[in-house]
Amino acid sequence: RFSDAQALLDTGIDGDAVGLATARARLCIGLGEPERALELLNEVRPLADARPDSERGRSYRSWLARAYISVLKPEEALSLLETLEGVPGQLGAEAQVWRGLALFHADRPAEALDCLEKVRACAHAEGYVRVEGLALVCIGTAHQHAERNDAARAAFEAALGAAEQASDASTLATAQLNVAVL
């Protein structure tokens, strides 16, 4: 899937530089290239900043925050994510998953788990299955690092179901790998 997405993105899309950069950055993050994601996103930052309340502007900030988390700059991510608090829908829920992940990397595990459990419950209630799977993988990771292996396994196993239902191959693979490790 990543290769197919890369081929489509390489052909380019006229008109929406912010949307295209965000899509390319998402792919880079999925491929384990967060530095390249930051590079792509920073190239269009003035355009994204000009429309901060648009759907594209919000998505841009969410994925910029995710890229910062991947390069272990959680404080920068948290600053961006503050601007997305209260955003409705899947985008807002996903931003809260990234907030929980950033809190975890900022060595604030109790806050991270609280945030992730809340967003998991919200995602479940709203039917945002992909977001629920993301939250569960992050919850599992937090438990695993705290050596709560039973809780970690339960979260990763629940993530498997959510990822399968959402057809989210990346989250599915991450959950499977972590279940195998445990």
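Author: A residue is called buried under 20% relative accessible area, exposed over 50% and partly exposed in between, with a 1.4 Å probe and protein chains only. This is a predicted model, in which local features need pLDDT of at least 70 and side-chain atom pairs count only at pLDDT 80 or more, while totals for chains, interfaces and linings use all residues. Residues are numbered from 1 along each chain as its sequence is written, and side-chain values use heavy atoms, with hydrogens and water left out.

Reader: Happy to start with Asp114. Is Asp114 exposed, partly exposed or buried?
Author: Asp114 shares helix H8 with Lys118, four residues away, about one turn of the helix (helices are DSSP runs of H or I, at least four residues, numbered from the N terminus). The relative accessibility of Asp114 is 42%, so Asp114 counts as partly exposed.

Reader: Which residues are joined into one network by salt bridges that share partners?
Author: A salt bridge here is a side-chain nitrogen of Lys or Arg within 4 Å of a carboxyl oxygen of Asp or Glu. Shared partners link three residues into a single network: Glu117, Arg120 and Glu132.

Reader: And how far apart are N and O in the salt bridge of Lys118 and Asp114?
Author: Lys118 is exposed, with a relative accessible area of 55%. An α-helix has 3.6 residues a turn, so residues three or four places apart point the same way. The side chains of Lys118 and Asp114 meet in a salt bridge with an N to O distance of 3.2 Å.

Reader: Which residue forms a salt bridge with Asp49?
Author: Asp49 sits in helix H4 (residues 45–50), and its partner lies four residues away in that helix. Asp49 itself is partly exposed, at 45% relative accessible area. The closest N and O atoms are 3.8 Å apart, and the partner is Arg45.

Reader: How close are the N and O atoms of Glu111 and Arg108?
Author: Both residues are partly exposed: Glu111 has 37% relative accessibility and Arg108 has 30%. Their salt bridge brings the closest N and O atoms to 2.9 Å.

Reader: How many salt bridges does the count come to?
Author: Side chains of opposite charge can pair when their charged atoms come close. By the rule of nitrogen and oxygen given above, the count of salt bridges comes to nine.

Reader: Now the pockets. What volume does the largest pocket have?
Author: A pocket is an open set of points, on a 1 Å grid over the protein atoms alone, where a 1.4 Å probe fits, with protein on both sides within 12 Å along at least five of seven lines; lining residues have an atom within 4 Å of a point. Points are joined across faces, edges and corners, and the volume is the space filled by probe spheres set on them. For the largest pocket, that volume is about 1,300 Å³.

Reader: Which residues that line the largest pocket are the closest to its centre?
Author: The lining holds 41 residues. Closest to the centre are Arg26, Trp63, Trp98, Arg130 and Ser170.

Reader: Which element gives the most to the lining of the largest pocket?
Author: Several helices supply at least two lining residues each, among them H2 (17–30), H7 (89–105) and H11 (169–181). The most, eight residues, come from H5.

Reader: Which elements give two or more residues to the lining of the second largest pocket?
Author: The second largest pocket has a volume of about 220 Å³. Its lining has 18 residues, with Gly92, Gln96, Lys118, Val119 and Cys122 closest to the centre. The elements giving two or more lining residues are H7 and helix H8 (109–126).

Reader: How many residues does H8 give to the lining of the second largest pocket?
Author: By class, this lining has nine nonpolar, four polar and five charged residues (Ala, Val, Leu, Ile, Met, Phe, Trp, Tyr, Cys and Pro count as nonpolar, Asp, Glu, Lys and Arg as charged, and the others, Gly among them, as polar). H8 gives the most, and its share is seven residues.

Reader: Is Gln96 buried or exposed?
Author: Gln96 belongs to helix H7, where 13 of the 17 residues are buried. Beyond residues up to four places away in sequence, Gln96 touches Glu85, Cys115 and Val119 (contact means heavy atoms within 4.5 Å). Its relative accessibility is 18%, so Gln96 counts as buried.
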